[in-house]
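Welcome, and please load the model in your viewer. We will go from one selection to the next and see what is there.

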Amino acid sequence: MSMLTLAQAKEILPKHTTEQHLFVHAAAVSAAMGAMAEHFGEDKAYWEAIGYLHDVDFEKFPQEHCHHVRELLNNEPVDEEDMENIIAHGYGICTEEVQPSSNLQKSLFAVDELTGIIHAYSLMRPEGMEGMEVKSLKKKFKDKKFAAKCNREIIKNGVADLGMDLGDVMACCIKGMTEHKAELV
Ligand SMILES: [Fe+2]
């Protein structure tokens, strides 16, 4: 039984991360994962914790992302399932270690890049996250020049692996991120 909590994740991440935009990304993915957990009727608090900690090795090891999760979390209250849940989000991108197989792992894979597009869109809206609609987000998604670093193919593959519609995943992410909008600026 995995017991990592969001409070623990928030204590661990600053040990390995200094850049503010990475904390905003952690909060965005955590918020999106909470809403995905609600969608699946699963453990919201746990999904939020994994979402918050998922890029724990990125700042120190950008070229070896997901390969240093185990060593950084070795002395933390993180068990094997937590490790695999984190490592799986890099599958086929920077690691072949864990193929996403659960709803949690597939959700993390799908929302990681998508939250980047949503966050970028919120920053250019006067009302921020408030009132964001899936329809207008889809236009930003289709505009390859908008938030160009967010890989659309990865998102599409993740959404297909979940067996969901892109719009439904977007709606979940918008909902979660709107609830946590204060942490996303
Ligand atoms: Fe990420």
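Which side chain does Glu183 meet in a salt bridge? Select Glu183 in this predicted model, and you will find the side chain of Lys10 paired with it at 3.9 Å, N to O. The two come from distant parts of the chain, 173 residues apart: Lys10 sits in helix α1 (residues 6-12), Glu183 in the segment after α9 (166-179). Colour them by accessibility next: Glu183 is partly exposed at 34% relative accessible area, and Lys10 is partly exposed too, at 36%.

Now select Arg70 and Glu97, a salt bridge whose closest N and O atoms are 2.8 Å apart. Arg70 belongs to helix α4 (residues 69-72), while Glu97 lies in the loop between α5 (80-87) and α6 (103-124), 27 residues apart. Arg70 has 30% relative accessibility and counts as partly exposed; Glu97, at 44%, is also partly exposed.

Move on to Asp161 and Lys106, where the closest N and O atoms of the salt bridge are 4.0 Å apart. This pair links helix α8 (residues 152-162) with helix α6, across 55 residues. Asp161 is partly exposed at 41%, whereas Lys106 counts as buried because its 18% is under the 20% cut-off.

For a wider view, select Glu38, Lys44, Lys175 and Glu179 together: salt bridges with shared partners join them into one network. The full count is 12 salt bridges.

Last stop: helix α2, residues 20-40. Its 21 residues reach 30 Å from first C-alpha to last, close to the expected 30 Å. Of these residues, 16 are buried. Just after α2 comes Gly41, with a positive phi near 65°.

Definitions and conventions:
Residues numbered from 1 in each chain as written. Predicted model: local features only at pLDDT ≥ 70, side-chain atom pairs only at ≥ 80, totals over all residues. Heavy atoms only, no water. Helix = DSSP H or I, 4+ residues; strand = E, 2+ residues; numbered from the N terminus. Expected span 1.5 Å × (residues − 1). Buried < 20%, exposed > 50% of the residue type's maximum accessible area, 1.4 Å probe, protein only.
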